[in-house]
Amino acid sequence: MSIQPEQTQQAAQIIDKSQSIVILTGAGVSAESGLATFRDPEEGHWSKYDPMELATIHAFNKDPELVTRWYHWRFTRARDVDPNPGHHAIAALQKHKSDINQSLTLITQNVDGLHQRAGATDVVEIHGTIHTWRCTITNKETPLRNLSFEHFPIPSEAGGLMRPCIVWFGETLPQEALERSFKAMAECDLFISIGTSGTVEPAASFILAAKENGAKTIEINRDPTPNTGFVDVALLGASGQVLPQVLSEIRIEI
Ligand code: BV8
């Protein structure tokens, strides 16, 4: 089902008029960079593992070598790909809104760091980041680029192990990220959900909270989600193609 031009124009007009925007992104935004999403099948060696099983403290405690290898592989993938036009469009919109003294808060469920590499700033990483790891005993954090992968799992100086600073299923989200998210949602007049299946809580409920606070809602996603039926505008397509089209309607160049 292709997107009608009037839908793109309607989304562009809402974005142009909005003074305080929240964008929530998920793995779909990084798909056109070549990174697998959570619910699309992964090719190759890792296809036999379920991310929902591996992204848990239980899996790490049971087989720290396997989980460390999985995250090392995901880190090398994220390091070796580039942001796509969808990331650049979001960064360009954030800069445009900032230049005219309006606000755009970018909240991402992704841990790949591609938004920042595309120029986005103050990104709220509600599920943490793959680029920083911490000691399981002292919680001392170290950038992954400073760690050596001679051994899997990675021993820490304190005699524990290093784990990624990522929020695993069953773990609570970083307090500061949650506070920034709830404040932005309470104040926004537009909430845009991009590239997420809307299945992981509490992020999946953010769009509802914003809508209940009176914000307009836009979804840009390749497939329908549980939110598609109630958003003001649903653009079904690839974010790397749709976002530049929407921004070109309001003359924002990427
Ligand atoms: C919490 C880091 C409080 C890991 C992630 C039982 C016990 C404990 C908790 C729960 C429980 N039951 C339920 C829960 C809550 C649980 C949850 O929601 N589970 C779900 C699965 C039912 N949540 C939690 O555990 C959270 N913590 O609740 O703490 C607590 C604590 C204890 C007890 C109770 C409560 C923590 C959740 C965070 C987990 N960590 N990531 C890692 O990255 O390795 S979540 C993980 O899923 C990623 O962050 C990912 O981003 C996120 C959501 O997935 P999506 O991003 O949406 O990706 P997905 O593949 O699903 O969809 C991609 C979409 O893109 C698709 O719709 C596709 O159509 C679209 N797409 C594809 N290509 C494109 C595209 N769109 C546009 N353009 C394209 N080109």
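The following dialogue explains how to read several features of this predicted model.

Reader: Which helices and strands, by number, does the protein chain have?

Author: The protein chain has 10 helices and 9 strands. One of the helices is α3, which covers residues 51-54 and includes Met52.

Reader: How does one judge the overall form of the chain, and what is its radius of gyration?

Author: One compares the radius of gyration with the value expected for a compact globule of that length. For 254 residues that value is near 18 Å, and the protein chain has 19 Å, which agrees. Taken along the principal axes, the C-alpha atoms fill a box of roughly 55 × 35 × 30 Å.

Reader: What do contacts reveal about parts of the chain that are distant in sequence?

Author: One considers contacts between residues at least 6 apart in sequence; in the protein chain, 68% of these join residues at least 24 apart. Ala118 offers a case, for its C-alpha atom is separated by 5.9 Å from that of Pro83, although the two residues are 35 apart along the chain. Leaving aside residues up to four places away in sequence, Ala118 touches Pro83, His87, His88 and Ala91.

Reader: Where is Ala118 found, and is Ala118 buried or exposed?

Author: Ala118 is found in the loop between α7 (114-117) and β3 (124-125). A residue counts as buried when its relative accessible area is under 20%. Ala118 has 14% relative accessibility and therefore counts as buried. In the protein chain, buried residues make up 52% of the 254 residues.

Reader: What can be said of the accessible surface, and which residues make a nonpolar patch?

Author: The accessible surface of the protein chain comes to about 12200 Å², and 50% of this belongs to carbon and sulfur atoms. Phe38, Met52 and Phe169 make a nonpolar surface patch of about 220 Å². Within this patch, Met52 counts as partly exposed because its relative accessibility is 31%.

Reader: How many disulfides does the structure have?

Author: To decide, one looks for cysteine sulfur atoms within 2.5 Å of each other. A search of the whole structure finds 0 disulfides. For Cys135, the nearest cysteine sulfur is that of Cys165, 11 Å away, and Cys135 is in no disulfide. Cys165 is likewise in no disulfide, its nearest cysteine sulfur being that of Cys135.

Reader: Are these cysteines, Cys135 and Cys165, buried or exposed?

Author: Cys135 is buried, with a relative accessible area of 3%. Cys165 also counts as buried, at 9% relative accessibility.

Terms used:
Residues numbered from 1 in each chain as written. Predicted model: local features only at pLDDT ≥ 70, side-chain atom pairs only at ≥ 80, totals over all residues. Heavy atoms only, no water. Patch = residues over 30% accessible without salt bridge, like charges linked within 9 Å, V, L, I, M, F, W, Y side chains within 5 Å. Areas by Shrake-Rupley, 256 points an atom, 1.4 Å probe, with all protein chains shown as cover. Salt bridge = Lys/Arg side-chain N within 4 Å of Asp/Glu carboxyl O. Helix = DSSP H or I, 4+ residues; strand = E, 2+ residues; numbered from the N terminus. Buried < 20%, exposed > 50% of the residue type's maximum accessible area, 1.4 Å probe, protein only. Rg over C-alpha atoms; globule rule 2.2 N^0.38 Å. Contact = heavy atoms within 4.5 Å.
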